[in-house]
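Visitor: I'd like a close look at a single part of this model, please, along with enough of the surroundings to make sense of it. Take your time and keep it informal.

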Amino acid sequence: MQIPILSWLVFVPLIGMVAVMLIPKERVSAIRWTATIFSGIAMILSFWLTWEYFVNYSDTAAMAFVEGPYDWIPTLHVEYFLGCDGISVPLLALTGLLSLISIIASFGIKERVKEYFAFFLLLEVGMMGVFVALDFFLFYVFWEIMLVPMYFLIGIWGGPRKEYAAIKFFLYTLFGSIFMLVSILILYFNAEPHTLNMMTLMQTAPGMTHTLQMVCFIFFFIAFAIKVPVWPFHTWLPDAHVEAPTAVSVILAGVLLKMGTYGMLRISWPMFPDALRSLSFWIAVLGVIAIIYGALVSLAQKDMKKLVAYSSVSHMGYCMLALAAFSSTQAIAGCMFQMISHGLITGALFLLVGVLYDRAHTREIAVFGGLGSKLPIYTGLMVFFSMASLGLPGMSGFISEFMIFVGAFGALNKTLVGIAILGVVLGAAYMLRLVQNVFLGDFNLERWGGLTEINGRELVTVVPLVILTLYLGIYPKQLNMLMSATIENMINLMAR
Amino acid sequence: MNLQLPEYSLQVMSPEIFLFVWALLVITFDLITKRKSGTAVGYMTMLGLALTGAFLFQAGYGRGFGMMFFNDPMAIFFKVIFLGAAFMAVGSTFGITEKRIVNHRGEFYGLILMSTVGMMFLASSQELLSLYIGLELTTIPLYVLVSFFKDDKKSVESGIKYLIVGALSSALLIYGISFLYGLSGTTEINQMTINIAITHIQNETLGVALLMPIMLLLAGIGFKLALPPFHQWAPDVYEGAPTPIAAFLSVGSKAAGIVAFSKIMVMGLEVFHSPVMAPNDWGMMVALMAAGAMVWGNIAAIRQTNIKRMLAFSSIAQAGYIMVGMLAMNEYGQSSVGFYMFVYMFANMGAFAIVTIVEDQTGSCEISTFSGLSKSSPFFSAAMAIFMLSLAGIPPLAGFFAKYYVFAAAIAHAGQNNTTGWLYWLVGIGLLTTVFALYYYANIIKVSYFGKEASPFKLKAPLPAVIIIVIGLLGVFGFGLYPEPIIDFASNLSDYFKR
């Protein structure tokens with residue numbers, strides 16, 4: 001019998017959560033290490049899975065490591081059904097890596113340590129689950145499970161406006177989810193026999209009438225667009241990011257935002273090709289608005305974390321642009337690349353901003369200057385990731401943006417793509433402004449003389465991201481090979 | 001006309017008879033121990049309810065006294081809910097009886113049991129008069145129970161309010177029933193359905209003649225269920241009543257109203273449910289009431305500062321969601337209602353049990369008393385958070401699946417019938433209002449978790465209350481992760497529609 005590797009991947013963090021809850025709350029370091037170990041196991045599993053998939057399955061588009069479908073609630077045809085393919089495997093690896101990194105980055109949490117790590121592991125359960133669920137009900141359950149720990153993590157350990165940010169995030173996302181629920185019910189009742197199995201619905205859903213397809217597509221789009229977030233649904237993001245503790249921001253930017261684009265690619269794009277064709281232009285427009293708007297707003301920020309948060313809006317705009325160019329293999333592969341690369345780069349930027357904030361207790365760009373002479377290693381890392389974020393060749397951000405523009409230029413309105421390319425220039429502008437104002441110029445010795453260099457634990461969290469960013473930037477071929485068969489298949493499905 | 005004696009069987013009625021005798025025993029026991037029975041009388045009540053549950057499964061299906069006593073799957077299912085609600089309510093009273101009801105424990109528990117007997121009779125009557133009697137037996141003990149703190153102005157006020165509203169709604173109900181009798185010549189629900197249908201066909205339409213009883217019945221049951229515009233009594237009564245009684249009202253009495261609705265409207269007047277039957281279409285009216293309940297209940301709850309009033313508005317909203325399932329006349333509708341009620345019992349009784357503990361020890365029901373509780377009493381605040389999330393319908397807790405099932409049933413019905421497209425709108429309103437609802441449910445979590453200060457109160461609860469909370473948690477988690485057993489149990493409720 002095959003080992004149910006995906007179930008283990010999803011439920012190892014849950015076991016970890018139970019273990020953490022069983023430890024008395026005074027034993028802080030035992031709690032930290034238990035969380036680290038379980039999250040580490042999950043990461044190793046996800047990496048092993050990626051390798052296995054790469055070696056054995058990457059030349060076919062079929063679902064690998066399939067578990068089920070087993071009956072869960074037979075009356076309503078709900079099944080326990082897991083599987084992964086070329087678009088979920090890299091995201092699983094990303095989730096495993098960023099979760100472990102975030103947990104290590106959270107060692108500085110002093111308050112209510114036990115609850116913090118318990119919630120964090122629960123969050124990991126939800127994230128892993130979303131990427132492997134192949135039953136709509138299961139998918140929805142995992143999608144919603146994440147909201148609860150996120151609400152607590154922002155609300156208890158967040159900044160000054162944490163209550164507002166936490167409830168805004170919770171309500172906003174739930175508002176999106178109810179649209180998804182309606183679509184799921186429509187799909188369920190329109191399939192004969194009724195089913196919630198995504199693989200079956202993938203075959204039958206395109207047979208629905210155009211109107212129904214449009215309704216489902218738009219409803220799913222609202223749910224996913226809030227998560228991405230696509231302009232104009234992005235207003236929860238700056239609040240949540242600014243108030244959340246560092247590690248939570250990393251997860252939020254690195255994994256949660258990807259769920260939106262993953263959902264589009266997995267569900268709404270291949271299931272409703274008719275609707276997609278009618279609306280792709282408008283999706284591209286939304287993507288371009290997000291790119292330009294996010295970049296312009298970043299340019300005006302005074303707070304470093306807010307700057308990085310808005311740069312996420314801009315970078316996820318590239319993903320939307322790529323998704324709109326659904327007929328092009330490069331664009332879709334570029335979108336996947338952008339998801340992974342944005343997860344690594346923005347995750348690292350949030351970590352680094354957090355490092356500075358822990359020492360200086362402020363994130364205001366204007367109060368710093370000349371830190372380069374005092375903190376050389378920190379400055380090096382920050383400059384590295386700023387360059388990666390603005391798309392310097394040799395790093396993963398460049399590859400993804402290049403692929404997206406090549407794909408989109410062939411498939412979409414050329415003026416639109418031309419405007420989007422302006423975003424790259426603006427991206428360079430806000431990142432360079434950050435670097436210039438914080439690390440160059442005059443150093444205020446009186447005020448910042450006491451700042452200490454980045455420490456070993458913090459380096460452990462950032463260095464793996466440096467390596468991966470360079471690796472994907474220099475040798476993108478392997479990731480591309482991993483995804484190519486699945487993406488080919490996706491494009492065929494969308495062309496129906 | 002030859003007089004025919006109806007067949008009767010005491011066997012099927014044995015749980016009710018047993019519980020009634022037990023209620024008398026409870027009162028007597030308290031008297032013969034000269035009011036010194038202590039907690040024993042409370043445990044005795046819980047034991048009686050548990051034993052009745054055992055009798056219930058031994059009694060099985062069947063009927064006695066014609067259609068006046070009819071144990072069908074629906075009756076059994078709802079009797080389990082009544083017994084469960086009573087059990088959980090009694091379990092959470094131990095703190096109150098120790099401090100405030102010291103000398104009247106016998107009556108207090110006896111009346112809870114009497115009311116439960118009434119609900120059980122109501123659930124198994126397939127005949128309008130015995131149904132009405134069951135409803136009265138349910139509510140009359142509740143009038144006394146609501147005003148049981150006789151030195152407390154609010155409790156007495158709420159008792160009077162409940163009495164007046166209850167009496168009025170009973171009057172409306174019996175008036176409506178008399179119209180139905182006049183139109184059909186029988187009080188047996190099954191026969192009534194046939195007779196009314198025949199009259200309707202013979203006269204082409206019954207027109208306004210049937211509109212009158214429909215309006216009266218909806219108003220009467222609407223009062224019992226606290227559906228807008230008949231809901232204003234609920235927050236005041238919940239606020240004044242002893243907290244476990246408020247809990248019992250919000251689950252047991254609500255389930256009784258649901259059964260009455262289901263028997264009279266859904267089974268009795270099923271055909272008059274679609275706009276085709278205008279002006280006798282009751283579906284649209286109920287839909288408006290349900291929409292009102294979901295919108296107003298959820299919005300008004302946001303503004304409350306007293307947790308009992310908040311839970312009162314929340315229960316008004318929950319009744320709205322249940323009505324959505326009720327309007328689905330298909331194989332899912334009644335089962336989804338049953339399932340919803342069943343898991344609502346766990347979450348709501350659990351939440352009220354915690355409110356009872358908080359009220360006992362702090363003397364206040366303000367939401368602000370919950371602030372910092374997560375630090376001083378982690379178990380109770382975690383349990384409260386879970387109950388709130390279940391009521392809000394967050395997966396994987398049972399409350400989510402209940403909402404999903406109800407909405408799925410309604411959409412299925414709308415898909416099967418071209419004339420009921422408005423159900424889509426109702427489902428839309430229901431889903432949107434769950435977002436409002438999350439705000440106030442999450443607010444309780446915010447108050448107890450997000451503050452920096454620890455609460456000065458360290459909650460200590462009597463053992464039965466802790467057991468009730470654990471049962472609530474098990475129900476909310478267990479039936480959320482694996483709802484199939486209850487769905488299976490509830491699936492018989494829709495037998496009527498599986499033709």
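Guide: Let's begin with the confidence score: pLDDT is the predictor's own confidence in each residue, on a scale from 0 to 100. What you have on screen is a predicted model, and chain B averages a pLDDT of 89, with 97% of its residues scoring at least 70. For the model overall, the scores are ipTM 0.92 and pTM 0.93.

The part I'd pick is the side of chain B that touches chain A. Here 23 residues of chain B are in contact with 25 residues of chain A. Three elements of chain B give two or more residues each to that side: helix H17 (398-416), helix H18 (422-449) and helix H20 (484-491). The largest share, 9 residues, comes from H18(B). As for chemistry, that side of chain B breaks down into 18 nonpolar, 3 polar and 2 charged residues.

Zoom in on H17(B), one of those three contributors. This helix has 19 residues and runs 27 Å from its first C-alpha to its last, close to the 27 Å expected at 1.5 Å a residue. H17(B) is mostly covered, with 17 of its 19 residues buried. When you trace side chains along a helix on screen, keep in mind that an α-helix has 3.6 residues a turn, so residues three or four places apart point the same way.

Now step back to the chain that carries this contact side. Chain B is built with 20 helices and 2 strands. Its radius of gyration is 22 Å, close to the 23 Å that the globule rule gives for 499 residues, so chain B is as compact as a globular protein of that length. Taken along the principal axes, the C-alpha atoms of chain B fill a box of roughly 70 × 55 × 40 Å. Of its 499 residues, 61% count as buried. Look at contacts in chain B between residues at least 6 apart in sequence, and 79% of them join residues at least 24 apart.

For one example of a sequence-distant pair in chain B, find B:Val470, which sits in helix H19 (residues 463-481). The C-alpha atoms of B:Val470 and B:Gly350 are separated by 8.1 Å, though the two are 120 residues apart along the chain. B:Val470 counts as partly exposed because 13 other C-beta atoms lie within 10 Å, and a residue needs 20 or more to be called buried.

Over on the partner, chain A has 21 helices and 2 strands. A compact globule of 496 residues would have a radius of gyration near 23 Å, and chain A agrees with 22 Å. Its C-alpha trace spans about 75 × 60 × 45 Å along the principal axes, and 61% of its 496 residues count as buried. Of the contacts in chain A with a separation of 6 or more, residues 24 or more positions apart account for 81%.

A few spots in chain A are worth a click. Helix H14 (residues 329-360) has 32 residues and reaches 46 Å from first C-alpha to last, close to the 46 Å expected at 1.5 Å a residue. H14(A) is mostly covered, with 27 of its 32 residues buried, and just after this helix A:His361 takes a positive phi of about 60°.

Then there's the hairpin: strand S1 (residues 64-73) and strand S2 (residues 78-84) of chain A run antiparallel, joined by 5 bridges. One partnership is A:Ile73 with A:Val78, and another is A:Glu67 with A:Leu82. Between the strands are 4 residues, and in this hairpin A:His77 has a positive phi near 55°. S2(A) is mostly covered too, with 6 of its 7 residues buried.

Last stop: A:Ala165, in helix H7 (residues 162-190) of chain A. A:Ala165 counts as buried because it has 24 C-beta neighbours inside 10 Å. Leaving aside neighbours within four places in sequence, A:Ala165 is in contact with A:Ile154, A:Gly158, A:Asp239, A:Ala240 and A:Glu243. In sequence A:Ala165 and A:Val242 are 77 residues apart, while from C-alpha to C-alpha the two are 8.6 Å apart in space.

Notes: Residues are numbered from 1 along each chain as its sequence is written. Chains are lettered from A and ligands numbered from 1 in the order in which they are written. This is a predicted model: local features need pLDDT of at least 70, side-chain atom pairs count only at pLDDT 80 or more; totals for chains, interfaces and linings use all residues. Two residues are in contact if their C-beta atoms, placed from the backbone, lie within 7 Å. Ala, Val, Leu, Ile, Met, Phe, Trp, Tyr, Cys and Pro count as nonpolar, Asp, Glu, Lys and Arg as charged, and the others, Gly among them, as polar. The radius of gyration is taken over C-alpha atoms; the globule rule is 2.2 Å times the number of residues to the power 0.38. A residue is buried if 20 or more other C-beta atoms lie within 10 Å of its own, exposed if 12 or fewer, and partly exposed in between; C-beta atoms are placed from the backbone. The expected span of a helix is 1.5 Å times one less than its number of residues. Two strands pair if DSSP finds at least two bridges between them.
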